[in-house]
Amino acid sequence: MKLYVMTDIHLYSKRNWLADPYKWERKATQMQMRESEEIIREAFDIILNDTETDTVLITGDLTDNGEISSHEDLLKIFEEYTQKGLRILVTTSTHDYRELKKTKYSKVDQNKGLSYGYDENYEYKRFIPCAKREDLRAWYAPYGRDKAISEHVDSMSYTYDLDEKHRLIAINDDYIANEKNNHRGLNEEQLNWIIEQANVATQEGKKIVCFTHHPILTPSPIYKLIGSHDIIADNIRLANVLADNGINVIYTGHSHIHDIEYYKSENGNLLYDISTGALVGSPPLMRKVDYLEDGTIDVKTIVINDLSRFDLEGKTLPEYCREGFFGMIEDMVNEMSGDMVNFAIYANSISIRPWTVYQFWWIFKAVGIFLNKLTIGKVYKWCKKESRLTPDEVAPIKDEKVVPLILEMVEKLYAGNADITPDRAEFNIIMGTVAIIDDLISTLGINLKKLIGFESVKEIVEPLAYNNGIDDYNAIINPSEEPIKKPPLPSFKSNKGVGIIISLVLGIILASPILIPSALVLSLLIVLRGVFNPYKNYKKVLPPRVDKKKK
Ligand SMILES: [Fe+2]
Ligand SMILES: [Fe+2]
């Protein structure tokens, strides 16, 4: 049995723009909002042209932010493709409606059930109405629940027979498990329903196909740090319950990270979490899975390479999407040592306000100049011993900048299959530097495990450099067997911690006659800059974003 899995399709209606959306600067979000409809149609066309299956599972976040206009457009597309022969099975999630009650993260517009639209200057100003959770119940019933074997009414979860051998358990996990931090998950009653449905399916001899929106297993260690509330609430308990009740493979989304992880329950059962990157993200992709007769699952990644309904000016769609997602980060880092207003425009997209940029521009600029000048050769000088590289081995890359290497790691965090392979000098330099940091932390007696839940910085950084686990793109998953473990990556050691601390302390003592007055002057400058800020009269509202090429 074959089927497609896609997630986070985030359709944003073109009706939410008062001006031509295609002229809008798109280096602002992770998602291709302007072209979301075209990308969805392109993906549906691929499935329609595939003679092996007509089924697609969509695991939530159907619209950008729950705009009624976006839902209307999407439902039309669903209807159109259903008539053409597609079988679309969905659940909705948190981006498909607006809560009407106040949560820690809700903005004023959210309390009113509104999302944003764009005005003639391409700034989001025009508020537009959003769906309420209850609206979704009837709208999306034709896409799974209408033909459900069983339904958990409250959560809109359902079971559905994909064919005579395979039963789908579609879980909607938008239940607010913790009001304070808006953490989503399942309630006890829903969890009992899932257990019951899994057992019924097993008794009836059906193989279980299961999906939910939020990740159950952390897609990358760093995600636990930056998005701990984005992982499903009570995830380890849930992983145990699912694995022990015959749900050994689950498809998830939400993180926009393309990744496959597995977990072994206390009773020795396995749970594979197959997380799929956003269809409208970077790169734009979905999965095709094949439930084979021998019980294994052949998982393949389908990257959407082209966009027949839109002129990509000679680029492939992944190149085009990459430009949207990482172009902003690249430009922002470049402008950090360049133009203040340009930097403020980019920084505004990651919630650093223009006023803050203007006030502390001299600090931003100093950091920017340092970062943009930093070469791999310079870092090598710090970690020569730890990296175990000879100057000859570093020579070909010594003048390369560090920033693109960091960006490569960020990019692969989302795209999957991080590939700074251990045979690359860059790998040794990254891990050599990390070894110094780890030695410094342990010399200082800092309990990292207690602080952030990790034994070392290495645990976080190593997977960002190289994926030594399951191939995130194409893999054969055996739900009852652990994957064959690859040999461990080379390890790096450092004993510079003591030396660094001694030099720091000595440095501070020796430089204190200069350092103390400088610190006083600096603090005074910070205070006074608020009063005598030369950029005080700069507009707090930024000029409209302009595509650099179009300037
Ligand atoms: Fe999403
Ligand atoms: Fe989400």
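Let me start with the pairing around Arg167 of strand 8, which is the bridge partner of Asp161, and let me say at once that what we are looking at is a predicted model. Strand 7, residues 157–161, and strand 8, residues 166–170, are paired in the antiparallel sense, with four bridges between them, and the connection from strand 7 to strand 8 is a hairpin of four residues.

If we now go to the other neighbour of strand 7, we find strand 6, residues 150–152, which also pairs with strand 7 in the antiparallel sense, here over three bridges. His152 is the residue that stands opposite Ser157 of strand 7. The hairpin of strand 6 and strand 7 again has four residues between the strands, and within that hairpin Met156 adopts a positive phi, near 65°. As for its surroundings, strand 7 is mostly covered, with four of its five residues buried.

Coming back to strand 8, there is a further partner to describe, namely strand 11, and these two strands run parallel and are joined by five bridges. Within this pairing, Leu168 has Val209 of strand 11 as its bridge partner. Strand 11 itself, residues 207–211, is mostly covered, since four of its five residues count as buried.

Let me turn to the helices, and to helix 8, residues 317–335, in particular. How do the axes of helix 8 and helix 15 cross? They come within 11 Å and cross at roughly 155°, where helix 15 spans residues 403–415, and that angle makes helix 8 roughly antiparallel to helix 15. The crossing is right-handed, and the contact is formed by Phe326, Ile329, Glu330 and Val333 on the side of helix 8, together with Val403, Leu407 and Glu411 on the side of helix 15. Sorted by character, the residues of this contact are five nonpolar and two charged, with no polar ones.

Helix 8 also packs with helix 9, residues 340–349, at an angle of about 140° and with the axes 9 Å apart. Why is helix 8 described as oblique to helix 9? The angle of about 140° is what makes helix 8 oblique to helix 9, because only angles over 145 degrees count as roughly antiparallel. This crossing is left-handed, and in it Met328, Asp331, Met332 and Glu335 of helix 8 meet Asn342, Phe343, Tyr346, Ala347 and Ser349 of helix 9. The residues of this contact divide into five nonpolar, two polar and two charged.

Definitions and conventions:
Residues numbered from 1 in each chain as written. Chains lettered and ligands numbered in written order. Predicted model: local features only at pLDDT ≥ 70, side-chain atom pairs only at ≥ 80, totals over all residues. Axes fitted to C-alpha atoms, helices over the stretch in contact; angles between N-to-C directions. Parallel < 35°, antiparallel > 145°, perpendicular 65-115°, else oblique. Left-handed = near helix turned anticlockwise from the far one by under 90°. Contact = placed C-beta atoms within 7 Å. Nonpolar A, V, L, I, M, F, W, Y, C, P; charged D, E, K, R; others polar. Buried ≥ 20, exposed ≤ 12 C-beta atoms within 10 Å, placed from the backbone. Pairing = 2+ DSSP bridges.
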